[in-house]
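The following exchange takes up the terms used to describe this model and asks what supports each of them.

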Amino acid sequence: MPPPVPESVLSEGLPDREGASVRETFELFSAVAPKGWRVELIEGEIYVVPPANGEHEEIVTEVVEQVIARRVDRELRNFTGIGLSLPGATDTVRVIPDLVIAPKGSFDDQREWHAPDPVLLVTEVTSTSTAGRDRVEKSRAYARAGIPVYLLIDREAGEAVVCSGPSGDDFGHKSIHKLGTQVPLPAPLGFTLDTAEF
């Protein structure tokens, strides 16, 4: 479980929210989270995740650079820090993937949370505190939202998992590759990701 929001953040000038709903509590945590922290709502649970470490960010940056260099469609863009509002099993899921790939102009508004419709690929790079959710709950949410490709860079397992063909709460196709190898990404990306730099 990720560390809680620092006590100093929660104790400074916050209104008494006794009896607040999960959604209200999520909105409150989102509003007061320190810069760089992510607050996500997944199946009725609120998760507060501290800023990523350097290794995590190196991997995200490497994926971004390879997408820019190898994408077939020059209108595709890489987005980090984009909030997605996804359908959940019981309620709306709010997540901030490590990387979102979508056409240019997909998020050119002032909203904090976006529909997943234009998203072609999401990437998560696991951390000790997020690996379980990245493997299970987020995979289900991305499949349920119909996102075509979910790329999971699982640092703990030393694997890159490419999930495609979303159907219901799962992906119809999953391929697992050891980190350090060539990882083919299906359409709409259609190129091979070199994980040797990971």
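A residue counts as buried when its relative accessible area is under 20%, as exposed when that area is over 50%, and as partly exposed in between. The model discussed here is predicted.

Q: What makes S9 a mostly covered strand?
A: Buried means under 20% relative accessible area, and six of the six residues of S9 are buried. Val149, Leu151 and Ile153 point one way from the strand, while Tyr150, Leu152 and Asp154 point the other way, and all are buried. In general, side chains of a regular strand alternate between the two faces of the sheet.

Q: Why is Ala20 called partly exposed?
A: The relative accessible area of Ala20 is 26%. Partly exposed applies between 20% and 50%, and therefore Ala20 is called partly exposed. Ala20 is found in the loop between helix H1 (7-11) and helix H2 (22-32).

Q: How do you know that S9 and S10 pair, and in which sense?
A: Two strands pair if at least two bridges are found between them. Strand S9 (residues 149-154) and strand S10 (residues 159-167) have six bridges, in the antiparallel sense, so the criterion is met. Leu152 stands opposite Val161 in S10, and the bridge partner of Val149 in S10 is Ser164. The hairpin of S9 and S10 has four residues between the strands, and there Gly158 takes a positive phi near 70 degrees.

Q: How do you know that S8 and S9 pair, and is the sense parallel or antiparallel?
A: The requirement is at least two bridges; S8 and S9 have five, in the parallel sense. In S9, Ile153 is the bridge partner of Val125.

Q: Why are S3 and S11 placed at the edges of the sheet?
A: The open sheet of six strands has the order S3-S6-S8-S9-S10-S11, with mixed pairing. Strand S3 (76-79) and strand S11 (170-178) each have a single partner strand, so one side of each is left without a neighbour in the sheet. The twist averages 20 degrees from one strand to the next.

Q: What makes a residue part of the lining of the largest pocket, and how many residues line it?
A: A lining residue has an atom within 4 Å of a point of the pocket. The largest pocket is lined by 23 residues, of which Arg38, Val49, Pro50, Ala52 and Asp98 lie nearest its centre. The lining divides into six nonpolar, eight polar and nine charged residues, and the pocket has a volume of about 360 Å³.

Definitions and conventions: Residues numbered from 1 in each chain as written. Predicted model: local features only at pLDDT ≥ 70, side-chain atom pairs only at ≥ 80, totals over all residues. Heavy atoms only, no water. 1 Å grid on protein atoms, 1.4 Å probe; cavity = no way out; pocket = protein on both sides within 12 Å on 5 of 7 lines; lining within 4 Å. Points joined across faces, edges and corners; volume = space filled by probe spheres on them. Nonpolar A, V, L, I, M, F, W, Y, C, P; charged D, E, K, R; others polar. Helix = DSSP H or I, 4+ residues; strand = E, 2+ residues; numbered from the N terminus. Buried < 20%, exposed > 50% of the residue type's maximum accessible area, 1.4 Å probe, protein only. Axes fitted to C-alpha atoms, helices over the stretch in contact; angles between N-to-C directions.
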